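Q: I have not looked at this one before. Can you take me through it?
A: Yes, here it is.

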Amino acid sequence: MKRRAALAATLALGGCSGVQTPLAPVADQAHSQYDLLLLMLWVCGIIYLLVLGFLVLGLWRARGGRAAAVAPLLEPADKRLGRLFAVWVAIIVVGLLLLAGGSFLVERSLAAAQADETLRVRVTAHQYWWRVAYRDPAGGGWVETANELHLPVGRTARIELGSADVIHSFWVPNISGKMDVIPGRANAIDLTPRRLGWFRGQCAEFCGPQHAHMAFDVKVETPAAFAAWLAVEARPARAPGNAEQARGMQVVTQGQCAMCHTVRGTAAAGRNGPDLTHIGSRRSIAAGALSMTRAHLQGWIANPQAIKPGTMMPAVTLSPADADAAAAYLESLK
Amino acid sequence: MMDAGAVTGEAKRHRAIIQFGARDWTLGAAILLLLTAACTQENRTLGPDQPQTPPNGPGDPRAQYFESNDYQVSQGGRYFTWYGCGSCHGDDARGSLDLAADQQRQPVSFDLLYAVIADGHKRFGHDYGAKIPTEQLWQIAAYVHELASLKPERRRRQDLDQAGEPQGSTWSGPVR
């Protein structure tokens, strides 16, 4: 019984501090929208209570069917009714003005370019995964990764959104509201996270059968940790450490994987699928469908359609030894 | 409709309502049938990749399904773009490189087409048979096989609705 109560309490609390909820904002943008939500709750709540109060009052005064016997208490031309009506209209107008004004101010601040934008991140939505590209701190090029967005705490990052196929929507509830990702159109959204931690983003516009498995992880870290992470990401893939990984490298970079995937520093230079250069350091694979383990990598390579039916990733026929080697190699790509 | 005879008029009106209802249903069913008639054109099953082996001859029954299925043909067109086939077989291709014209002049059977895509490019340094998964080869073969019968806008998808998709390994981002 005690355990069950503890579980219920944990679940209830979990709803307030989840990694994917707008009710636990950790960034400026999510905070302003959360405040807007509270404003709406107050305004609508007060109006709702007033309406219910008057309804109860009316019912109470009409109790016992006495009201039907007597004449209406107030004639339409009654001055008191006119005044009450004016007060009621004023309450509604003030409530609506508060909502419209608050919404206008929040939207304007969200849409305005921030003065301290210091980081540009290109995010491209594909059916069913996210391509993430950072400027290489050393050179002028772009460093690509997938399904994982790293942000330095306290800095504003401008996320430039593009779609390669259909309409998607970029949404990290703890950090900001949604922004649609539309083919042929450049949308951007600012993120200013204020708290360290892992959060979860999700495609928020139906984009096909695997829309629900189009998630990504967001890590908010200290500027130093972010710089270190980006420096590692910018490096080409590490060399295989043993014979099995070497065989895996051969399978991945010279076989079917290389048609769609890039492993920087090797012959694999496909551009259609996620960049695998540092896949071993990511938290999940297949856009959040599976956690990052060697077994999951193997299962994903062997039969992706069983894990994400409708994904663009085809099954690759490999001998068990080769599949094992490929998974070992990919896992080693930290 | 508004008959003066009280009893018969009422009965007639009832019948008229029933008749109208029946006609309405027939019409609705006909419209529904018309609307959904094309849906089977895109039928596909989500599951393990099929097929996993190349065509076993000109009479392979699987070829018929791939050629006649809109989804498989479209998907073939998508991989045609992704794998950069357009760099040689694009809009400005002439002669036998212009696949649509070639297919119109001299239709090639599905299994032969598959073999040309999978093995026929080895002499140009591309072993697509080993590099492209089998299911996708089927889809690409279906797309090329149907090229001659496709409308220009579906034939030129890489310039139109697929303009933002990765094209070959030189792609640098979606169209903005």
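A: One term to begin with: a cavity is a set of grid points where a 1.4 Å probe fits but cannot get out, and a volume is the space filled by probe spheres set on those points. Keep in mind that this is a predicted model.

Q: How many cavities of 30 Å³ or more turn up?
A: A search of the whole structure gives 1 cavity of that size.

Q: And how much space lies in the largest cavity?
A: About 580 Å³.

Q: Which residues lie nearest its centre?
A: His261(A), Gly273(A), Pro274(A), Trp300(A) and Met313(A), out of 41 residues that line the largest cavity.

Q: What sort of residues are in that lining?
A: The lining holds 26 nonpolar, 10 polar and 5 charged residues.

Q: Which helices and strands supply at least two residues of it?
A: From chain A, strand S11 (284-285) and helix H7 (294-302); from chain B, helix H3 (70-82). H7(A) gives the most, with 3 residues.

Q: Switching to the two chains: how many residues does each put into the contact?
A: Chain A puts in 31 residues and chain B 26 residues.

Q: What area is buried between chain A and chain B?
A: About 2400 Å², with carbon and sulfur atoms giving 56% of that.

Q: How many salt bridges and polar contacts are there between chain A and chain B?
A: The count is 0 salt bridges, and 3 residue pairs are in polar contact, both residues at pLDDT 80 or more.

Q: Which strands of chain A are on the side that touches chain B?
A: Strand S1 (117-126) and strand S5 (156-163) each supply at least two residues there. S5(A) gives the most to that side, with 4 residues. By class, the side of chain A that touches chain B has 12 nonpolar, 13 polar and 6 charged residues.

Definitions and conventions. Residues are numbered from 1 along each chain as its sequence is written. Chains are lettered from A and ligands numbered from 1 in the order in which they are written. This is a predicted model: local features need pLDDT of at least 70, side-chain atom pairs count only at pLDDT 80 or more; totals for chains, interfaces and linings use all residues. Side-chain values use heavy atoms; hydrogens and water are left out. On a 1 Å grid over the protein atoms alone, a cavity is a set of points where a 1.4 Å probe fits but cannot get out, and a pocket is an open set with protein on both sides within 12 Å along at least five of seven lines; lining residues have an atom within 4 Å of a point. Ala, Val, Leu, Ile, Met, Phe, Trp, Tyr, Cys and Pro count as nonpolar, Asp, Glu, Lys and Arg as charged, and the others, Gly among them, as polar. Contact means heavy atoms within 4.5 Å. Buried area is the accessible area (1.4 Å probe) that two parts lose on being put together, summed over both. A salt bridge is a side-chain nitrogen of Lys or Arg within 4 Å of a carboxyl oxygen of Asp or Glu. A polar contact is a pair of N or O atoms within 3.5 Å; within protein, one must be able to donate a hydrogen and the other to accept it, and residues adjacent in sequence count only if both atoms are side-chain atoms.
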